[in-house]
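This report looks at the enclosed spaces inside a protein model and at the residues that line them.

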Amino acid sequence: MKTNNTNNVTAVFDEKLALPKLLPLGLQHLLTMVGSFMVPVIVGSAIGLDSKSLAYLVSAIFLTSGLAILIQVIGIGKGVGSKLPLVMGSSFITLGPMIVIGKQYGLPALFGSVIGSGIFILILSFFLNKILVFFPKVVTGSFITIMGITLAPVAFKDFAGGEGSPNYGSSTNLLIGTIVLALVILLHKFCKGFLKTMSILIGVMVGTILSFVTGMINFSPVFEAKWLQVVSPFHFGMPEFNVSAIMTMSIFCLINLIQCVGAYSVLDEVCGTATSDKTAINGLRGQAVGQIISGIFNSVPHAYLNENIGVMSLSGVKSRFVPITTGCILIVLSFLPKFSAMITIIPACVRGGAMLAIFGMVISAGISILSRVNYSGNHNTLIVGTSIAVGVGSNFQPEVFKQMPWIVKILFENGMFSACLVAVLLNICLNFHTFSGAFFSQSRKNQLETEAS
């Protein structure tokens, strides 16, 4: 990120599009978010909620995701929201603690912890200028790369039909997932204009049709859903502000914050921009406000979805009016649970095929950032290699930490957290002169000029 680039950002992101083009582009982003809509369902199922309560949580995530996007992209005043085309969806990083808190303390304490940790992040946002110093390119590039690597297996499991599915790994799942992936790639390679921009949506639509023909789609959730429903505040009771629950959730929201800092680098890489510190801080403040609202409306913390930045890269459309359209569609769908249920019946293999292309773009963005880091006469090679190795090891061998206290276990078996922590600590120790100069400076200019040296 750089200190000023307002004109460049305005020129890239303020393109106005006709409504007939905005709607399908907004829908494409929405379909890419389907995986994130499952977070509250996973949490609710683990806690033991009935199907009616689970359906309500889905409507709540539609509403709060839509509001979070609008807060982020449109902004509130001059200090809340980045006004960049960033799509907000459920954070997978907070999935583990939400289940633990929900089981141990109940839903009122769970949503109280979401509100309380949101307030904590909001307060912290006023000191983020110093915190951002911990994340030069060598750190964010490593983090983004391991993020894509750790997300790829999630896409691959969906590609095979979704873990736990009775037909997991069947030839039908693999064939349909391959067709979706191939179609996305071919449309992006050989088509121009509208067809190229809609490669993800077209791939998902074709895959869904094929799934219907092969009898893979179950319409019962759609038939059982109501036509109209209003998501109300504190549906599951007034929030309880349990100190232990709030502290636990706050730790994971800090990790989520780190992921969101990395998203600005992905956006800059894809769009050729340079997000200023002020813009980034305003965005993270908007995220905190959105999280507080999310807790009020019985929903979960949000994060910037890097896969949607991948969609921008594949489509070539970077207008912030597209995510605004997505946000508006989500809010409308929150009132229409029958239509919302139609989104959730898209087979896992279809999502997986599309996600493989999208997460691949995240990995390539991380590699591109790392390619611009100076590796001559410094320790950056060691920082990158060690942090990614630890992240991969933590993610694929989580049982290493099974004898540790649960909070340590949940933190360190997350490859993104492990990689980021190692990258930050090694950068401080091995590049101490550069780090200390940036940290004690009133401006990050010196760091931006010498962070890789």
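## What counts as a cavity

A cavity, as the word is used here, is a set of grid points where a 1.4 Å probe fits but cannot get out, and a volume is the space filled by probe spheres set on the points. The model is predicted, and the structure holds three cavities of 30 Å³ or more.

## The largest cavity

The largest cavity contains about 70 Å³ of space. Its lining is made up of P40, V43, G44, I47, L57, L107, L110, F111, N298, S299 and V300. Two elements, helix 4 (39-47) and helix 7 (107-124), each give two or more residues to this lining, and the largest share, four residues, comes from helix 4.

Sorted by class, the lining of the largest cavity has eight nonpolar and three polar residues, while charged residues are absent from this lining.

## The second largest cavity

The second largest cavity has a volume of about 50 Å³, and the residues that line this space are L31, T32, I200, V204, I346, R351, A354, M355 and I358. Helix 2 (19-32), helix 12 (199-213) and helix 19 (348-371) are the elements that give two or more residues to the lining of the second largest cavity, with helix 19 supplying the largest share, four residues.

By class, the lining of the second largest cavity divides into seven nonpolar residues, one polar residue and one charged residue.

Notes:
Residues numbered from 1 in each chain as written. Predicted model: local features only at pLDDT ≥ 70, side-chain atom pairs only at ≥ 80, totals over all residues. Heavy atoms only, no water. 1 Å grid on protein atoms, 1.4 Å probe; cavity = no way out; pocket = protein on both sides within 12 Å on 5 of 7 lines; lining within 4 Å. Nonpolar A, V, L, I, M, F, W, Y, C, P; charged D, E, K, R; others polar.
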